[in-house]
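Me: Please take a close look at the place where the two chains meet, and then follow the strands from there into the rest of the model. Plain wording will do.

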Number of protein chains: 2
Amino acid sequence: MSDELTFPPVESVLSELAEYVAIPSVSRSADIGTMRQAASWVAAQLAFANGRVVETEGFPLVRAEWLNAPGAPTVLVYGHYDVQPTGDLDEWASDPFEMTIDGDVARGRGVTDDKGPVLIVLKLAQAFIEQRGVLPLNVKFLIEGEEEIGSPSLPAYVREHAAELAADLVISADGAQWRPSEPSLSTASKGLVSLDIVTSGAKSDLHSGRFGGTVANPVHALATILASLHDDQGRIAVDGYYNGVDDIDDRRRAEIAAVAFDDADYCEALGVSELHGEAGLTTLERLWERPTLEITGVRGGGKYSVIPHTATGHIVSRLVGRQDPDAVVAAIERHVRAIVLPGIDVTMRVDQARVPAYRIDAQHPAIRAATAALNHVYPGDDVLLAVIAGTLPATTLFEETIGAKTLFFSFSTSDENLHAPNEFLRIRRIHEGLRAWEYLWNVLAAGPHVLEPNDFLMEAAR
Amino acid sequence: MSDELTFPPVESVLSELAEYVAIPSVSRSADIGTMRQAASWVAAQLAFANGRVVETEGFPLVRAEWLNAPGAPTVLVYGHYDVQPTGDLDEWASDPFEMTIDGDVARGRGVTDDKGPVLIVLKLAQAFIEQRGVLPLNVKFLIEGEEEIGSPSLPAYVREHAAELAADLVISADGAQWRPSEPSLSTASKGLVSLDIVTSGAKSDLHSGRFGGTVANPVHALATILASLHDDQGRIAVDGYYNGVDDIDDRRRAEIAAVAFDDADYCEALGVSELHGEAGLTTLERLWERPTLEITGVRGGGKYSVIPHTATGHIVSRLVGRQDPDAVVAAIERHVRAIVLPGIDVTMRVDQARVPAYRIDAQHPAIRAATAALNHVYPGDDVLLAVIAGTLPATTLFEETIGAKTLFFSFSTSDENLHAPNEFLRIRRIHEGLRAWEYLWNVLAAGPHVLEPNDFLMEAAR
């Protein structure tokens with residue numbers, strides 16, 4: 001390998017990250033102006049590659065390309081500039097949009113999902129251009145603004161621009177490493193469908209005394225529905241839900257059993273008294289290999305004493321294997337419809353995003369190249385092959401449209417309060433990430449073509 | 001009876017009511033300044049009786065007394081100036097605190113619960129003073145500001161001032177008539193206890209993918225608890241809950257069966273497809289004679305995809321017969337504690353108010369006097385004896401402290417969206433109420449002592 005690049009001091013990167021975090025690009029609630037501002041910020045960072053904001057049906061995305069490495073592979077770098085809502089501000093130790101350094105972490109909404117991890121690859125590319133005048137391989141960038149709402153506009157855009165986006169490999173700056181104790185790569189991510197269940201009774205809220213005992217209560221009906229979704233063994237009680245889910249075979253059980261994982265430490269980290277889930281499976285088996293159905297929100301009435309006229313629950317299903325998102329939705333709908341609830345009207349609103357599960361083979365050259373890069377930055381640590389139990393909708397989309405697999409290469413860590421209050425990023429990850437991306441690009445550039453499995457990657461890594 | 005009083009035109013009363021409604025005296029959320037403003041408004045109306053604002057541990061109450069009718073009975077008029085929260089403003093057809101005339105009703109928060117009904121008795125007393133110079137009997141007034149939050153400060157106040165508040169009868173301007181189709185009096189009201197059930201899991205919200213399937217979900221746990229509170233026959237499934245509840249005897253069943261009540265009309269009025277409740281009982285039996293347990297609110301997480309770290313449900317129990325409020329709370333707590341919820345911490349916060357059920361005998365002279373008054377205003381209509389399925393905490397308190405029964409004498413009607421959006425008052429009720437209160441006071445004054453059962457009431461009414 002050639003001499004390593006010199007990277008900007010961490011204070012400088014953090015200062016830019018703070019600027020980026022300060023744009024409250026919450027895709028669930030922001031106006032288009034705010035979203036364009038965040039997109040423009042990213043596009044400006046990509047000036048060397050013709051970075052530009054591109055409108056879609058929804059929020060704009062950012063595109064850029066630097067294609068001056070003839071003969072070298074082409075990678076498409078994917079990430080997102082949108083962030084999750086803050087949730088309850090009272091639970092934040094500091095303003096979510098005013099990035100705060102707290103010891104060895106930076107805290108703020110989006111700092112690790114996905115603004116920090118995207119900024120790392122932007123700074124890496126800039127360092128290559130500034131110090132070498134070129135990138136070692138051809139790079140396209142696609143940074144979207146709707147990842148946290150299921151990427152509704154991305155599919156149409158990517159299909160229409162498949163030729164322009166063509167690449168040998170997608171590298172996702174999104175998709176956190178599993179935990180802080182060792183470097184890891186992910187060979188799968190879960191699919192997703194989500195929906196609201198709305199129960200309605202009378203046409204308006206009713207005094208709980210003056211009408212109590214005469215009409216069905218929509219909150220009680222919703223509780224009945226929600227409680228019915230799992231059995232007392234923690235298994236999802238929806239008929240047909242597990243279609244397309246294979247039993248975990250002995251080889252996979254052994255692989256997972258070999259991963260160092262301590263239930264007690266995990267409990268301690270999350271602050272729970274004990275773990276819970278499908279009976280008869282280990283925690284990692286449940287997390288990596290099994291579909292889930294979580295109630296992520298419930299709302300109805302208030303503390304004042306009425307029988308509310310309506311109540312709403314929101315459900316997020318994470319899928320594995322060959323589960324068909326449409327079939328899962330249909331199974332949930334059938335299950336709910338089969339519950340007899342006199343005097344209650346039940347409606348279901350299915351969210352647009354329907355994402356199947358994704359998998360990349362552990363022997364894929366990109367996984368081997370990324371392993372080498374992580375070995376370089378974390379010498380002496382074994383690189384763990386894990387599963388992203390979250391969902392990255394772009395993966396299956398890129399596979400279908402441009403025929404490329406996606407490598408998750410993020411320097412976020414999944415314990416960093418993603419989607420929760422007090423989201424943070426370990427500051428050390430910035431320089432670790434810069435160095436790892438540099439190494440990855442160099443290794444990928446060194447081979448004739450990344451998609452031809454051969455030994456070049458492992459040789460280059462030695 | 002002497003010649004009848006002349007009452008102010010309805011426009012004038014409505015204009016004063018609008019002024020009163022404009023003070024947003026929401027006891028669940030208002031500041032003390034707003035509550036004092038509402039109390040002062042009432043006190044000013046009672047200037048002829050030394051009306052004054054009296055501080056308590058909580059929100060102030062209004063007291064007044066006119067005691068210049070030696071030998072005549074003394075009544076204590078009770079009401080409240082506080083109102084319920086508005087709920088979702090989007091569901092209101094007009095600003096809740098800007099009273100709006102809409103055809104033959106006035107709409108606004110508190111217009112019927114309890115500002116309008118209190119204003120009626122204030123205007124009646126003023127008319128007596130202006131036109132006769134005196135009231136026909138001795139009247140004390142106690143208008144509180146915490147009824148909608150369970151009257152937490154009232155018990156201590158009434159106990160400490162029992163001698164000053166002594167009366168032969170309490171007349172409550174709160175406690176709506178049952179329905180608009182005929183005049184009615186209430187011979188009972190239900191008791192109340194309420195509590196929050198809070199389920200907690202991890203120390204913060206967790207990404208529903210990255211942690212899904214490994215930890216218990218507090219919303220799911222809450223749904224399990226809430227769904228367990230009733231069986232599939234609509235009966236409350238809490239062991240011991242029905243202690244102190246007598247079965248409905250044949251005589252009472254017959255009385256209730258004699259009341260004209262149409263389930264289909266009731267469904268239509270509430271906008272429900274069918275009614276629901278304890279199996280094997282009629283709608284009125286359930287409403288009037290049976291305790292209830294309603295989930296009045298539920299909240300946890302949001303639409304964004306986390307496993308919420310906490311969820312809360314609020315429960316309101318309405319009690320009948322000899323149910324002991326403390327025993328009911330204990331039964332609910334035992335029931336909830338018995339549910340096995342691995343990895344979930346459950347806390348219960350019981351609200352301060354613990355009100356037993358209340359009853360006044362149908363043959364009580366006050367009921368007979370009030371019947372006569374309603375017969376006078378609604379000639380030709382039978383006066384129905386009903387039950388207030390709501391709760392009026394002051395009733396049992398007055399019985400315990402000053403030894404007086406409470407007559408509910410309100411010109412609110414229970415279909416007027418009490419506690420709900422678009423609360424309204426039928427405008428005709430204002431003059432009906434004025435005339436009925438006038439008649440009631442005259443009838444009560446005509447007897448030697450209201451608490452000695454004799455025929456004077458019925459004679460006076462002929």
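Reply:

**Where the chains meet**

In this predicted model, 75 residues of chain A are in contact with 74 residues of chain B. On the side of chain A that touches chain B, the elements giving two or more residues include helix 6 (218-227), helix 9 (283-289), strand 11 (292-301) and strand 13 (310-319) of chain A. Strand 10 (206-207) and strand 12 (306-307) of chain A also belong to that list. Strand 11 of chain A gives the most to this side, with nine residues. By kind, the residues on the side of chain A that touches chain B divide into 26 nonpolar, 35 polar and 14 charged.

Strand 11 of chain A also pairs across the boundary: five bridges join strand 11 of chain A to strand 11 (residues 292-301) of chain B, and the two run antiparallel. One bridge can be located by its residues, since Gly300(A) has Val298(B) as its bridge partner in strand 11 of chain B. As background, strands of a sheet pair through backbone hydrogen bonds, either parallel or antiparallel.

The two chains can also be compared as whole copies. A turn of 180 degrees, with a shift of 0.0 Å along the axis, lays chain A on chain B with an RMSD of 0.0 Å. The two copies are thus related as by a two-fold rotation axis. The same surface serves both copies, as 99% of the contact residues of chain A recur in chain B.

Next come the strands within a chain. Strand 8 (residues 184-189) of chain A is mostly covered, with six of its six residues buried. Strand 8 of chain A pairs with strand 16 (residues 384-388) of chain A in the parallel sense, over four bridges. Strand 8 of chain A is also joined by two bridges to strand 15 (residues 358-359) of chain A, and these two run antiparallel. Ser189(A) takes part in both pairings: its bridge partner in strand 16 of chain A is Ile388(A), and in strand 15 of chain A it stands opposite Tyr358(A).

In chain B, an open sheet of three strands has the order 15-8-16, with mixed pairing. Strand 15 (358-359) and strand 16 (384-388) of chain B are at the edges, each with a single partner strand, so one side of each has no neighbour in the sheet. Two bridges pair strand 8 (residues 184-189) of chain B with strand 15 of chain B in the antiparallel sense. Here Ala188(B) has Arg359(B) as its bridge partner in strand 15 of chain B.

Chain B also has an open sheet of six strands, in the order 1-2-6-3-7-17, and its pairing is mixed. Its edge strands are strand 1 (52-54) and strand 17 (406-408) of chain B, each pairing on one side only. From one strand to the next, the twist averages 25 degrees. Within this sheet, strand 2 (residues 61-66) and strand 6 (residues 138-144) of chain B run antiparallel and are joined by five bridges. Val62(B) stands opposite Ile143(B) in strand 6 of chain B. Helix 2 (residues 32-45) of chain B lies across strand 1, strand 2 and strand 6 of chain B, running at about 145 degrees to strand 1 of chain B.

Val62(B) appears again in the largest nonpolar core: of its 274 residues, Val62(A), Ala370(A), Leu440(A), Val62(B), Ala370(B) and Leu440(B) touch the most other members.

How values were computed
Residues are numbered from 1 along each chain as its sequence is written. Chains are lettered from A and ligands numbered from 1 in the order in which they are written. This is a predicted model: local features need pLDDT of at least 70, side-chain atom pairs count only at pLDDT 80 or more; totals for chains, interfaces and linings use all residues. Copies are superposed by least squares on the C-alpha atoms of residues with pLDDT of at least 70 in both. Two residues are in contact if their C-beta atoms, placed from the backbone, lie within 7 Å. Two strands pair if DSSP finds at least two bridges between them. Axes are lines fitted to C-alpha atoms, for helices over the stretch in contact, and angles run from 0 to 180 degrees between N-to-C directions. A nonpolar core is a set of buried Ala, Val, Leu, Ile, Met, Phe, Trp, Tyr and Cys residues joined through C-beta atoms within 7 Å. A residue is buried if 20 or more other C-beta atoms lie within 10 Å of its own, exposed if 12 or fewer, and partly exposed in between; C-beta atoms are placed from the backbone. Ala, Val, Leu, Ile, Met, Phe, Trp, Tyr, Cys and Pro count as nonpolar, Asp, Glu, Lys and Arg as charged, and the others, Gly among them, as polar.
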